[in-house]
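Trainee: I should like to understand how the terms used for a structure are justified. May we go through them one at a time?
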Amino acid sequence: IDLNCGCPLEGVCNKGMGAELLDRTRRLQEIVTVASGSTSLPFTVKIRVGHYEDEERRHAHSLIPQLSKWGAAAVTLHGRSRQQRYSREADWDYIRTCAKAGQKAGVPVMGNGDVLTWEDYHNRGEGVASCMIARGALIKPWLFKEIKEKKYWDIRSSERLDIMKDFCS
């Protein structure tokens, strides 16, 4: 079960959900504690680096150990702030810093953001438990095959269309 605290959209955040929970730590603690304690399944949390764009206000590195204490089995960290939404590149150096904080707290940290090729997966995956793939899979549903084989999959346009049809149905 995954709690997504990564959504930066105003319509979600204005209701106190998504990335808004990053600034409501007491509420976030209540949710994670109750939810993780109510299931025998692993409970994970996806977060962003923080609310604000400026680096000195990022706080995922201090939030990750807290999430572990509250019952999160793993954390996925999107390398952008709520303010950045999907602009600019994900900050993988900060993701790796947070992964070290997670290791100290005994919780695996997966990185997320800008994993669009098999090379991105292998290069950015160093220092984190794994990578979460989002838009990369929407752009190229065959990305997982490329990652597994560590090579680009050169396919005809008709094959791409067939894959897209299967992916969308």
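The conversation below takes up disulfides, burial, one helix and salt bridges.

Mentor: Please note that this is a predicted model, in which local features need pLDDT of at least 70, side-chain atom pairs count only at pLDDT 80 or more, and totals for chains, interfaces and linings use all residues. Residues are numbered from 1 along each chain as its sequence is written, and side-chain values use heavy atoms, with hydrogens and water left out.

Trainee: How do you know that Cys-7 is in no disulfide?

Mentor: A disulfide is a pair of cysteine sulfur atoms within 2.5 Å. A search of the whole structure finds 0 disulfides. For Cys-7, the nearest cysteine sulfur belongs to Cys-13 and is 5.9 Å away. For Cys-98, the nearest is that of Cys-131, at 14 Å, and Cys-98 is likewise in no disulfide.

Trainee: Why is Cys-98 called buried?

Mentor: Buried means under 20% relative accessible area, exposed over 50%, and partly exposed in between, with a 1.4 Å probe and protein chains only. Cys-98 has a relative accessible area of 0%, so it is buried. Cys-7, at 18%, is therefore buried as well.

Trainee: What puts the buried residues of helix H3 on the same side?

Mentor: Helices are DSSP runs (H or I, at least four residues), as are strands (E, at least two), numbered from the N terminus. In H3, residues 60-70, the buried residues are Ala-60, Leu-63, Ile-64, Leu-67, Ser-68 and Trp-70. They cover an arc of only 160° around the axis, which places them on the same side of H3; the arc is that of the directions from the helix axis to the C-beta atoms.

Trainee: What makes Arg-82 and Glu-10 a salt bridge?

Mentor: A salt bridge requires a side-chain nitrogen of Lys or Arg within 4 Å of a carboxyl oxygen of Asp or Glu. The closest N and O atoms of Arg-82 and Glu-10 are 3.4 Å apart, so the pair qualifies. Arg-82 lies in the loop between E3 and H4 and Glu-10 in helix H1, so the pair ties together parts that are 72 residues apart in sequence. Arg-82 is buried at 8% relative accessible area, whereas Glu-10, at 41%, counts as partly exposed.

Trainee: How do you know that Glu-30 and Arg-27 are separated by about one helical turn?

Mentor: They are 3 residues apart in helix H2, which gives that separation. Glu-30 and Arg-27 also form a salt bridge, with their closest N and O atoms 3.3 Å apart.
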